[in-house]
Amino acid sequence: MEEIETLINYKPKYSVRAEFDRAQAVIMHEPTSELYYGVLHPHAALFDSYFNAEKAAKEHKQFQELLKSKGLEVFTVKAALLKNVVDTEGEPIEGEDLDEFRQFARSCVRLNTPALTGLTNDEILEQHIYLDKVFKKMHPVDLVRTILLQPNLILKKTLTNTFVTADYNANPVMNLYFSRDQIITTAKGVVITNLNSPQREIETRILSMCLKKIGIKPLLDLSKINKKAFIEGGDFFMLNNIALIGEGMRTNRLAIETLMKANVIGTDTVAVVKDAYHYQPQMHLDTYFNIIDKDLVAISYNRYYAVPGTKQELLVDIYMSEMDEYQLKELSIPFKKYLEDYLNVEVIVLDDEDQKNYGLNFLCIGPRKIIAVKGQSEDYVNKMKQHNVTVEWVDFENLKQGWGAAHCTTQVINRKSN
């Protein structure tokens, strides 16, 4: 817990106080060749079904351009990783930054030398030394490719030519384009999360490197504090002096309590939204609930009108900060009652079919201004108009098959208070 105890207080360059404040800067990952492995066996990759990876990349690019046209600064993972290691011509910039980057990429490669391959211990050592030399020459773009693919080389001894051959496999970061999850942004700054799924464990290390490259010092790296404390960004919302945190399929109470104890959230209230449903299409709070303005939210019908006592019912535990410590004040308040009576917000209840089509997974870029995926119902469109919500539509026909949409693919790291 040493990292928690030694946190320093400073005014962050990047922070978020409310989900509806005007979005200024965002981190995203434009998927590349690593996505192929995910669509090869979608369920093993935590995806819903097969989709066209090339078209998905184009959809992502169009989404980036839309965000830029709205005045957002867009940091992509690749651009962040290449910062200070390539020049304007794309050539390597030798120096400490590139040395560190090469070391990081080298750590993403595994050499597998089974006993039956015929290599002696000295020969195995030689192969490690050889690979180190290769990485000292490797172009930064190939270093990025290495990080995204996470290669594994299975070496075998031969008696001819180079005297060694290899089988190749990979453990690619197929879910990295869901950039909401690896970090959360609070009123105090950026926190690195700890992802629930083993397929995604490496992603926080990659985002740590990206943050360092763009000059952001995280308040906390939860993945280094407690490996059993899981939280993902899709379960975290800021609402002025309240943090709404989903506890369910991907986020546990241990992680929430760790964040509160570390005092990295910066709100007087933490509302833990307890979800016992554990249903993959509603894995995060942001798959069935979202914030549009200080007095307007949206939620799916099946969660808002859930029968009391069923797993679909959402209950809220309220923690209040007293003398820099959060104390549990109220237990298991129905979420519907919490929204109406405690937050006093107006609620747009959307059809379950729109929720299944990722209609709740929109990105709010300003008060009553959202970016949502195309294909929602007429009822959805009319309800947004009735509440004076401006909607920009994006094509996510392929990207959403990974079980996420506009909100899941973005981590807004700075919002300007209105």
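Which residues point one way from β13, which point the other way, and are they buried or exposed? Keep that in mind while you set up the view. This is a predicted model, where local features need pLDDT of at least 70 and side-chain atom pairs count only at pLDDT 80 or more, while totals for chains, interfaces and linings use all residues. Residues are numbered from 1 along each chain as its sequence is written, and side-chain values use heavy atoms, with hydrogens and water left out.

**Stop 1: β13**

Select residues 296-300, strand β13. Helices (H or I, at least four residues) and strands (E, at least two) are DSSP runs, numbered from the N terminus. Leu296, Ala298 and Ser300 point one way, Val297 and Ile299 point the other way, and all are buried. Buried here means under 20% relative accessible area, exposed means over 50%, and partly exposed is in between (1.4 Å probe, protein chains only). With five of its five residues buried, β13 is largely enclosed by the rest of the structure.

Now add the partners; two strands pair if DSSP finds at least two bridges between them. Show 289-293 for β12, which runs antiparallel to β13 and is joined to it by four bridges. Asn290 has Ala298 of β13 as its bridge partner. The hairpin from β12 to β13 goes through two residues. Then show 346-350 for β16, which is parallel to β13, with five bridges between them. Look for Leu296 opposite Glu346 of β16.

**Stop 2: the five-stranded sheet**

Next, bring up the open sheet with the order β9-β10-β11-β14-β15 and mixed pairing. β9 (236-239) and β15 (325-334) are at the edges with a single partner strand each, so one side of each has no neighbour in the sheet. From one strand to the next, the twist averages 20°.

Zoom in on β10 (242-247) and β11 (269-274), which pair in the parallel sense over six bridges. Ala243 sits opposite Val270 in β11.

Turn on helix α10 (253-262): this helix lies across β10, β11, β14 (315-322) and β15, at about 175° to β11. Angles run from 0 to 180 degrees between N-to-C directions, and axes are lines fitted to C-alpha atoms, for helices over the stretch in contact. Helix α12 (335-342) also packs on the sheet, touching β10, β11, β14 and β15, and makes about 110° with the direction of β15. Contact means heavy atoms within 4.5 Å.

**Stop 3: the three-stranded sheet**

Move to the open sheet β6-β7-β8, again with mixed pairing. β6 (183-185) and β8 (220-221) stand at its edges, each with a single partner strand, so each has one side without a neighbour in the sheet. Three bridges pair β6 with β7 (190-192) in the antiparallel sense, and Thr185 has Val190 of β7 as its bridge partner. Helix α8 lies across β6, β7 and β8, at about 150° to β7.

**Stop 4: α5**

Stay with α8 on screen and select α5, residues 96-106, whose buried residues are Leu98, Phe101, Arg102, Phe104, Ala105 and Arg106. These buried residues pack against α4 (77-82), α6 (121-137), α7 (140-149) and α8 (203-213).

**Last stop: Leu40**

Finish on helix α2 (35-40), where Leu40 is found. Leu40 has 57% relative accessibility, so it counts as exposed.
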